Amino acid sequence: MDGRLLPVLLLLLGVSGPWGQGQEPEGPSEVLPEESTGEEVPKDDGILVLDHNTLSQALQEHPALMVEFYAPWCGHCKALAPEYSKAAALLAAESAAVTLAKVDGPAEPELTKEFGVVGYPTLKFFQNGNRTNPEEYVGPQKAEGIAEWLRRRVGPSATHLEDEEGVQALIDKWDVVAIGFFQDLQEEDVATFLALARDALDITFGLTDRSQLFQKFGLTKNTVVLFKKFDEGRADFPVDKDTGLDLGDLSRFLITHSMHLVTEFNSQTSPKIFAAKILNHLLLFVNQTLAQHKELLTEFREAAPPFRGQVLFVMVDVAADNDHVLKYFGLKAEEAPTLRLINIETTKKYAPSGVAPITAASVATFCQAVLHGEVKPYLMSQEIPPDWDQRPVKTLVGKNFEQVAFDETKSVFVKFYAPWCSHCKEMAPAWEALAEKYKDREDIVIAELDATANELEAFSVHGYPTLKFFPAGPDRKVIEYKSTRDLETFSKFLDNGGDLPEEPNEPSVSSPEIQANSTMGPKEEL
């Protein structure tokens with residue numbers, strides 16, 4: 001998440017989607033299976049190594065087959081490899097009826113085309129030898145998460161509970177348990193419940209139709225009950241008799257109520273935070289090594305219940321490894337304790353006015369004021385460098401962007417970059433050459449802005465590099481440049497007043513908060 005904290009957290013479990021970037025093409029409507037070769041398929045650290053000759057054989061021999069399409073040069077694939085092998089070992093140890101395999105994508109272009117592989121790693125799950133419609137894996141990157149995702153596809157996704165002892169044993173064993181109480185296990189709502197259970201890997205699921213268990217837990221109608229070992233301990237989701245169980249509503253309920261009222265931000269919780277799909281995040285920055293700071297958590301937690309589902313309460317320890325979060329909000333550790341609220345959809349940030357003490361009442365008042373539109377967002381900006389206009393490439397920051405970019409007498413071409421972005425570094429020489437070429441043109445400005453340290457009211461930047469052209473004139477027109485990043489094409493674009501024939505897009509990297517929305521993490525594009 002290096003530069004932009006919380007857009008978001010993909011938070012809990014699942015979340016948006018995963019390995020891929022962009023739409024994957026549909027596979028062929030019918031592919032005739034190749035005749036099995038009968039040869040022994042090699043293994044690498046417990047993983048079957050497949051190619052175009054052995055895939056059909058593997059599909060015939062293994063009713064449940066997970067296949068990773070990887071590239072030997074792919075860094076994300078190398079990071080996944082030990083977790084993938086560990087997942088295979090976990091499943092083998094419990095004799096699970098599922099097999100893990102891999103295919104070298106660049107060496108097998110026919111297979112990557114057949115299965116719509118557009119980036120690495122891509123994982124596909126095949127069942128019962130069905131080659132035409134595999135399920136793309138969108139789960140966690142860690143071994144236990146991969147194994148659990150597969151367990152819930154080859155076995156039951158929820159435990160069938162017959163008696164009070166079984167319910168209590170499940171609740172005692174796990175921190176968060178969702179139990180579906182249904183009077184008829186054949187009804188459609190049960191299928192909806194089990195479908196959600198397949199992917200909500202952070203929650204253990206059970207279901208029952210036993211009348212004595214309805215009575216034991218004070219229920220008279222179909223209800224999904226979330227049991228947890230924190231906060232209020234239990235939350236009920238009654239099923240509407242007329243409309244039935246809505247998958248989206250139940251998912252939001254479970255995500256919201258399976259989280260603590262106050263969640264500490266760290267590398268383990270950040271995916272869950274962003275997956276919660278709660279748009280407003282209230283952050284309390286404290287130093288956990290100081291007793292007086294730790295005491296503020298009680299007040300913070302006391303303010304949280306009325307905002308559950310609307311505002312996510314998050315604690316950030318400035319004494320921990322959270323410098324990237326501080327930087328994103330333009331804060332220094334010495335400024336703690338302090339509050340910040342961010343809407344992860346708009347990325348607008350809000351700060352309390354004045355220096356009022358942090359109490360349950362002041363926290364609630366601040367939240368209400370932001371939600372009611374009574375607080376203006378603040379924008380980060382570096383100071384304007386004294387020599388900002390002395391080089392061919394002009395240096396823009398938040399404080400001088402509006403004045404320069406929307407100068408009616410000039411056409412301004414701006415590169416929005418991140419200091420760590422490799423694509424930005426690759427195009428830097430061409431951008432410098434462009435500025436040098438047009439340095440004597442008083443009506444053209446070539447500029448750059450570090451979008452990780454400066455925010456703009458006009459728009460947000462979500463990928464790097466982003467190139468925008470602001471033509472001269474009073475109408476504040478903005479044209480996004482999406483063509484080849486070289487001096488010749490840049491020059492044509494400028495000379496044509498911001499117009500070019502459509503050409504393929506150049507690669508870019510999403511800002512960290514966008515990457516956080518992918519459970520599996522980023523992929524290397526083909």
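Guide: Welcome! Two strands pair if DSSP finds at least two bridges between them. Keep that in mind as we look at this predicted model.

Visitor: Thanks! In which sense do β8 and strand β10 pair, and over how many bridges?

Guide: The general idea is that strands of a sheet pair through backbone hydrogen bonds, either parallel or antiparallel. Here β8 and β10 (residues 204-208) run in the parallel sense, joined over two bridges. For Thr159, the bridge partner in β10 is Gly206.

Visitor: What is the order of the five strands in the open sheet?

Guide: The order reads β8-β10-β9-β11-β12, and the pairing is mixed. Because β8 (159-160) and β12 (234-238) each have a single partner strand, they stand at the edges, and one side of each is left without a neighbour in the sheet.

Visitor: Now for empty space. Which residues line the largest cavity?

Guide: In general, rolling a probe the size of a water molecule over the atoms shows where empty space is left. The structure holds one cavity of 30 Å³ or more, and the largest cavity has a volume of about 70 Å³. Its lining includes Thr256, His260, Arg308 and Phe313. By class, that lining has seven nonpolar, three polar and one charged residues. Strand β15 (residues 311-317) gives the most, with three residues.

Visitor: And where does the kink in α15 lie?

Guide: Look at Ala428, shortly before the proline Pro429: the kink there is about 40°. Helix α15 (residues 422-437) still reaches 24 Å from its first C-alpha to its last, close to the 22 Å expected. Among its buried residues are Met427, Ala430 and Trp431.

Key:
Residues are numbered from 1 along each chain as its sequence is written. This is a predicted model: local features need pLDDT of at least 70, side-chain atom pairs count only at pLDDT 80 or more; totals for chains, interfaces and linings use all residues. Side-chain values use heavy atoms; hydrogens and water are left out. On a 1 Å grid over the protein atoms alone, a cavity is a set of points where a 1.4 Å probe fits but cannot get out, and a pocket is an open set with protein on both sides within 12 Å along at least five of seven lines; lining residues have an atom within 4 Å of a point. Grid points are joined across faces, edges and corners, and a volume is the space filled by probe spheres set on the points. Helices (H or I, at least four residues) and strands (E, at least two) are DSSP runs, numbered from the N terminus. Ala, Val, Leu, Ile, Met, Phe, Trp, Tyr, Cys and Pro count as nonpolar, Asp, Glu, Lys and Arg as charged, and the others, Gly among them, as polar. The expected span of a helix is 1.5 Å times one less than its number of residues. The bend at a residue is the angle between axes fitted to the seven residues ending there and the seven starting there. Buried means under 20% relative accessible area, exposed over 50%, partly exposed in between (1.4 Å probe, protein chains only).
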